[in-house]
Structure formats: C-alpha cells, structure tokens
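Me: Please go through the salt bridges, the burial of residues and the nonpolar cores of the structure shown here.

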Amino acid sequence: MNAALATLLGNPAIWRGGDCAPEAATLPSGFAALDAALPGRGWPRGALTEVLLEREGIGELRVALPALARLQAQGQDVVWIAPPYRPYAPALAAAGLDLARFQVVRCRDVKDALWAYEQALRAPECGAAFAWLAVHDERVLRRLQVAAREGRTWGVLWRRPGQRAGASAAPLRLGLAPRCGRLAVHVLKRRGAELPQPIILDLAVRAAGEGPLPHPYPFSRMREKGNNQLPSLLRGEGSG
C-alpha cells in the first residue's frame with residue numbers, strides 16, 4: 001500500500017467493511033469487553049441504540065449505569081420515558097446516579113410517550129434518554145434517530161420480551177440474555193463487521209482502574225402485582 005492510500009484510509013471518516021465504523025462521539029460503557037465491540041469504543045452519543053431483552057431482570061440496567069453516572073458528572077440529565085416498573089431511588093443512588101438529574105416521565109398513551117421521547121432526545125441538557133416503547137413504525141424510528149443525532153443524545157429504545165423485532169433505523173442493536181450467572185450481549189447490528197459470538201459480561205467487574213460496579217441493593221426484588229422475582233433496578237408495577 002502506498003503512502004497516499006494509507007493516509008487516505010487512515011482518515012477517521014472512512015471505514016472498511018471488516019472494521020467498526022468510527023463514531024463522532026461516544027461514551028465509555030465502563031465494561032472493557034463491551035467497549036471493544038462498539039464502534040468508537042463506547043455507547044454512541046447522537047444516535048439511537050435498540051436493546052432486545054430475552055427476559056427482564058437479568059441485569060440489563062446495570063450495563064447502562066456507569067455511563068449514566070458519567071453523563072451526570074458532566075452536568076447532563078438522564079430521562080426515562082414510560083419504564084414498565086417503578087424506578088427504585090435508593091438502588092439508583094447506590095449505583096452512583098444523581099437523583100437530582102434523573103427524570104421519569106409517565107404518559108397516558110403511546111402517542112404522548114413518543115412525543116416526550118423525541119423532545120428528550122432533542123433537549124441539549126439531556127445526555128441520555130431511555131424509552132420502553134413497542135413502536136415499530138420505520139418512519140417513527142427514523143425520526144427518533146434524527147432527534148438523537150441533532151440533540152447529540154445517547155438514546156436507548158428498550159424492547160421488552162416478546163416484542164416483535166423488525167428492521168430498525170437504530171445504527172446499533174443489541175440482544176441481552178442471561179448466561180451462567182453473567183450477561184450475554186449479542187451485537188445484532190452495528191456499523192462494521194458482523195460479530196458472531198456474544199460478549200459475556202460479569203456485571204460485577206468494570207473497566208480496569210474504575211473499580212467494581214456498586215451492587216444495586218437494597219431494593220425490592222418482587223413485583224407489586226404477582227410473585228415473579230424481578231432482580232432489577234425497577235421496582236415492579238406489573239407487566240402493564
């Protein structure tokens with residue numbers, strides 16, 4: 001390869017199919033193995049990430065906590081739209097979140113939730129906007145992706161178990177499943193080469209030098225409706 005071609009290919013705006021595409025801005029996840037598989041070595045800021053859950057209560061929120069705490073330390077807010085369970089403040093605080101910069105939005109219907117989510121994605125003070133919505137309209141998903149890009153916000157659309165997964169405008173799509181006491185992260189879509197094997201995360205171990213992730217207890221392990229165990233950071237309000 002001659003020097004001119006090497007210089008051209010070294011431009012961060014160019015990526016080859018066997019590599020991950022560069023990202024203009026990313027947020028370290030706090031898990032070295034996960035960062036190594038993500039374009040730009042972190043969660044994409046200014047883009048929508050879609051997360052499909054095999055089942056709930058497997059540690060899905062703990063994957064996001066280090067990055068959320070990092071954003072808040074930078075003076076930005078975190079917004080959750082229509083979470084299926086009630087966030088339990090002591091658990092979130094124990095995991096490092098600043099509750100003064102944490103907002104939960106409840107909506108009457110999906111239309112209101114979509115409007116609120118788009119506004120949060122566009123808001124300059126919002127560093128991360130999470131939503132639990134069963135929307136699959138490609139036009140709506142493209143609009144959310146544009147909103148995340150324009151707001152430079154880390155947007156996550158959480159897909160609950162059983163929700164249909166079709167084509168998506170989100171440039172990053174992950175599938176989460178339990179694996180022998182750990183969490184298997186399947187990279188279903190990314191800007192770059194296919195990753196056939198899942199990343200296995202031990203949620204108690206973070207990136208080198210950052211120390212262990214605080215354990216999210218104490219919090220309720222039970223749904224308020226029914227007796228299903230739900231070991232997550234959301235105290236149950238039923239499956240709604």
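The questions and replies below take these topics in turn.

This is a predicted model, in which local features need pLDDT of at least 70, side-chain atom pairs count only at pLDDT 80 or more, and totals for chains, interfaces and linings use all residues. Residues are numbered from 1 along each chain as its sequence is written, and side-chain values use heavy atoms, with hydrogens and water left out.

Me: How many salt bridges does a search of the whole structure find?

Reply: A salt bridge is counted when a side-chain nitrogen of Lys or Arg lies within 4 Å of a carboxyl oxygen of Asp or Glu. Arg108 and Asp112 form one of them, at 3.2 Å from N to O. The number found by searching the whole structure is nine.

Me: Is Arg108 buried or exposed?

Reply: Buried means under 20% relative accessible area, exposed means over 50%, and partly exposed is in between (1.4 Å probe, protein chains only). Its salt-bridge partner Asp112 has 24% relative accessibility and counts as partly exposed. Arg108 has a relative accessible area of 77%, so Arg108 is exposed.

Me: What separates Glu118 and Arg122 in helix H5?

Reply: Helices are DSSP runs (H or I, at least four residues) and strands are runs of E (at least two), numbered from the N terminus. Glu118 and Arg122 form a salt bridge, with their closest N and O atoms 3.2 Å apart. Because the two are four residues apart in H5 (residues 110-122), the separation is about one helical turn.

Me: Which residues are linked with Arg122 in a network of salt bridges?

Reply: The side chains of Glu150 and Arg122 meet in a salt bridge of 2.2 Å, N to O. This pair links distant parts of the chain, 28 residues apart, with Glu150 in helix H6 (residues 138-151) and Arg122 in helix H5. The residues linked with Arg122 in the network are Glu118, Arg143 and Glu150.

Me: Which helix gives the largest share of the largest nonpolar core?

Reply: A nonpolar core is a set of buried Ala, Val, Leu, Ile, Met, Phe, Trp, Tyr and Cys residues joined through side-chain atoms within 4.5 Å. The largest has 37 residues, and Leu68 and Trp80 are among those that touch the most other members. Its largest share is four residues, from H3.

Me: Which residues of helix H3 are buried?

Reply: Helix H3 covers residues 65-73, and is followed by Gly75, whose phi is positive, near 90°. The buried residues of H3 are Leu65, Pro66, Ala67, Leu68, Leu71 and Gln72.
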